[in-house]
Amino acid sequence: TYVITTLCIGSKDASCVEVCPVDAIHPAPEDEAFEAVEQLFIDPRLCIDCDACRTVCPMEAIYTKATVPPDQAASVRENAAFYT
Ligand code: SF4
């Protein structure tokens, strides 16, 4: 599973959305709970670990779940929470 970290905030470049073969990447919904979250998220139920998104991200905001930097650990939970 791949994870988009908060390094996406302020960019939302969305190159990742274009290359994802399973359409697993979406912006936060228009919902109170995500109102302030200006970034994209990866659906862990759909991601097939192809690595395409990570390589095109200009912010280097995307990591595998296992390699997310410690200071971005909350992003693992946030990406999953968005889709449950
Ligand atoms: Fe989509 Fe591949 Fe990125 Fe997973 S690793 S979110 S399948 S582009």
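Start by selecting Lys12, which is partly exposed at 32% relative accessibility. You are looking at a predicted model, so every value on this tour is computed from predicted coordinates. Lys12 sits in the loop between β1 and α1 (15–19). Now add Glu38 to the selection: the two side chains meet in a salt bridge, 3.4 Å from N to O. Glu38 belongs to the loop between β2 (25–27) and β3, so this pair ties together parts that are 26 residues apart in sequence. Like its partner, Glu38 is partly exposed, with a relative accessible area of 41%.

How many salt bridges does the structure hold? There are three, so two stops of this kind remain on the tour.

Next, select Arg45 and Asp43. Their side chains form a salt bridge with an N to O distance of 2.9 Å. Try colouring the two by accessibility: Arg45 counts as exposed at 61%, whereas Asp43 counts as buried at 3%.

For the remaining pair, pick Arg54 and Asp51, where the closest N and O atoms are 2.7 Å apart. Arg54 is partly exposed at 38% relative accessibility, and Asp51 is partly exposed too, at 22%.

Keep Asp51 highlighted and bring up the ligand. Which residues come nearest to the ligand? Of the 13 residues around it, the nearest are Cys20, Cys47, Cys50, Asp51 and Cys53. Show the whole shell and colour it by class: eleven residues are nonpolar, two are charged and none is polar. While you are here, click on Cys47, which is buried with a relative accessible area of 19%; the cut-off for buried is under 20%.

With those cysteines on screen, how many disulfides does the structure hold? The count is zero. Select Cys16 as an example: the nearest cysteine sulfur belongs to Cys53 and is 6.4 Å away. A disulfide calls for sulfur atoms within 2.5 Å, and Cys16 is in no disulfide. Cys16 is also buried, at a relative accessible area of 7%.

Stay with Cys16 and Cys53 and move on to the nonpolar core. Both are among the members of the largest nonpolar core that touch the most other members, together with Ile4, Ile25, Ile42 and Ile62. This core has 14 residues. Which elements give two or more residues to this core? They are β1 (2–4) and β3 (40–42), so show both strands as cartoon with their side chains as sticks.

Now centre on Ile62 and list its contacts, leaving out residues up to four places away in sequence. On one part of the list are Tyr2, Val3 and Ile4. The list continues with Cys16, Ile42, Cys53 and Cys57. Arg54, which you met in its salt bridge with Asp51, is also touched by Ile62.

For the last stop, go to helix α1 and select Val17. Is Val17 buried, exposed or partly exposed? Val17 is partly exposed, with a relative accessible area of 27%. Beyond its neighbours up to four places away in sequence, Val17 touches Ile25 and Leu40. Of these, Ile25 has already appeared in the nonpolar core. Finally, draw a distance between the C-alpha atoms of Val17 and Ala52: the viewer should give 9.8 Å for this pair, which is 35 residues apart along the chain.

Terms used:
Residues are numbered from 1 along each chain as its sequence is written. This is a predicted model: local features need pLDDT of at least 70, side-chain atom pairs count only at pLDDT 80 or more; totals for chains, interfaces and linings use all residues. Side-chain values use heavy atoms; hydrogens and water are left out. A nonpolar core is a set of buried Ala, Val, Leu, Ile, Met, Phe, Trp, Tyr and Cys residues joined through side-chain atoms within 4.5 Å. Buried means under 20% relative accessible area, exposed over 50%, partly exposed in between (1.4 Å probe, protein chains only). Helices (H or I, at least four residues) and strands (E, at least two) are DSSP runs, numbered from the N terminus. Contact means heavy atoms within 4.5 Å. A salt bridge is a side-chain nitrogen of Lys or Arg within 4 Å of a carboxyl oxygen of Asp or Glu. A residue is near a molecule or strand if one of its heavy atoms lies within 4 Å of it. Ala, Val, Leu, Ile, Met, Phe, Trp, Tyr, Cys and Pro count as nonpolar, Asp, Glu, Lys and Arg as charged, and the others, Gly among them, as polar.
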